[in-house]
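Reader: I am new to reading protein models and would like a close look at a single part. Please take me through the aromatic rings and what surrounds them.

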Amino acid sequence: MSQELYIPRGAAESAGYVLDIDPERAGWGYGALRIVELAPGGGHAFAAGDSEWIVLPLNGGCTVQVSDQVFELLGRENVFASASDFVYVPRDAQVQIASDAGGRFALAGAKCERRLPARRGPASEVPVEVRGSGGCVRHVRNFASADAFECDKLIAVEVITPGGNWSSYPPHKHDEHRPGEESELEEIYYFEIDGPNGFGYQRVFPSREGGSDVLAEVRTGDAVLVPDGWHGPSIAQPGHDMYYLNVMAGPGETREWRICFHPDHTEGYR
């Protein structure tokens, strides 16, 4: 198992963040993910720099000030309860997050070129998709998918996998630019498991000689990087629902999510 691609909780902390994955840490060009924890009455400031960001409550609510604009986020009790409202932060902005009750907040980011307007995405407008069947059913919240919310490079979705089920299945990849068939996207999986002592498994295996190869037991707060390769399944322990946040970005001129399924694992699932 590659320690570079599997990031256990606490292995990528930095000042102000319990998880801090930037392109330099990941060894790629675009995607980033930070998790910030705020005590009641706490705050956190950051500069967007050359990246666009989405501030997404994992639990709790907050106020997000983007330059001279202020957005209120109701948030949620936890990631399993519901979709959440969120705020899009453009590049080159100054940001201040404050939370009266405290909470945990994900900052999903991607290096980008265009500067789009700051805006709030309401939870009520998040498209929720039931994907798969039988033991492969999962619930996908497409809050910042390519066709649901405008960004320059960033794509982000949440997935809830019921305990005992498989998701990210069939195994698929998006590591080549093939117009109309496949887009080149880096990807981060960030995990949370419902209930104490819960765990899951994440598989990534090579799509080319020397490619990414990981089989990780994942728990709350862990992350897995997917720079290339077939990824899936994501397997939830029976009795413990599994959540993951997917953050994707890539070099394509068109922001799109096009994937290729593994030809040996598609029968009955496409």
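Author: In this predicted model, the count of aromatic pairs comes to ten. A pair of aromatic rings is described by the distance of the centres and the angle of the planes. One of the pairs is formed by Phe46 and Trp53, whose ring centres are 5.9 Å apart. Their planes meet at 75 degrees, and the cut-off for edge-to-face is over 60, so this pair is edge-to-face. Phe46 is buried, and Trp53 is buried too.

Tyr189 and Phe191 make a stacked pair, with 5.9 Å from centre to centre and 20 degrees between the planes. Are these two residues buried or exposed? Buried means under 20% relative accessible area. Tyr189 has a relative accessibility of 1%, so Tyr189 counts as buried. Phe191 has 0%, so Phe191 counts as buried as well.

Aromatic residues can also be grouped beyond pairs. Phe86, Tyr88, Phe143 and Phe149 form one aromatic cluster. Tyr88 also has a charge over its ring: the charged end of Arg119 sits there, 4.7 Å from the ring centre. A further case involves Lys173, which lies over the face of Trp230 at 5.8 Å from the ring centre.

The cluster leads on to the nonpolar cores. In soluble globular proteins, nonpolar side chains tend to be buried together. The largest nonpolar core here has 52 residues. Which of its residues touch the most other members? They are Leu19, Leu33, Ile54, Phe143, Val224 and Leu245. Phe143 therefore appears both in this list and in the aromatic cluster. Strand β21, residues 242-249, gives this core its largest share, six residues.

Ile54 shows what surrounds one such core member. Leaving aside neighbours within four places in sequence, Ile54 is in contact with three residues of the aromatic cluster, namely Phe86, Tyr88 and Phe143. The other contacts of Ile54 are Val87, Ala106, Leu107, Ala108, Ala144, Cys151 and Leu154. Apart from the largest core lies another core, of 21 residues, and among them are Tyr17, Phe46, Val87 and Ala93. Phe46 is thus a member of that core and a partner in the edge-to-face pair with Trp53.

For contrast, consider a residue in a loop. Ala81 is placed between β6 (69-76) and β7 (86-89). Its relative accessibility is 48%, so Ala81 counts as partly exposed. The C-alpha atoms of Ala81 and Trp166 are separated by 20 Å, and the two residues are 85 residues apart along the chain.

Key. Residues are numbered from 1 along each chain as its sequence is written. This is a predicted model: local features need pLDDT of at least 70, side-chain atom pairs count only at pLDDT 80 or more; totals for chains, interfaces and linings use all residues. Side-chain values use heavy atoms; hydrogens and water are left out. Helices (H or I, at least four residues) and strands (E, at least two) are DSSP runs, numbered from the N terminus. Buried means under 20% relative accessible area, exposed over 50%, partly exposed in between (1.4 Å probe, protein chains only). Rings of Phe, Tyr and Trp (its six-membered ring) pair if their centres lie within 6.5 Å; planes under 30 degrees apart count as stacked, over 60 as edge-to-face and the rest as tilted. A charge sits over a ring if NZ of Lys or CZ of Arg is within 6 Å of the ring centre and within 35 degrees of the ring normal. A nonpolar core is a set of buried Ala, Val, Leu, Ile, Met, Phe, Trp, Tyr and Cys residues joined through side-chain atoms within 4.5 Å. Contact means heavy atoms within 4.5 Å.
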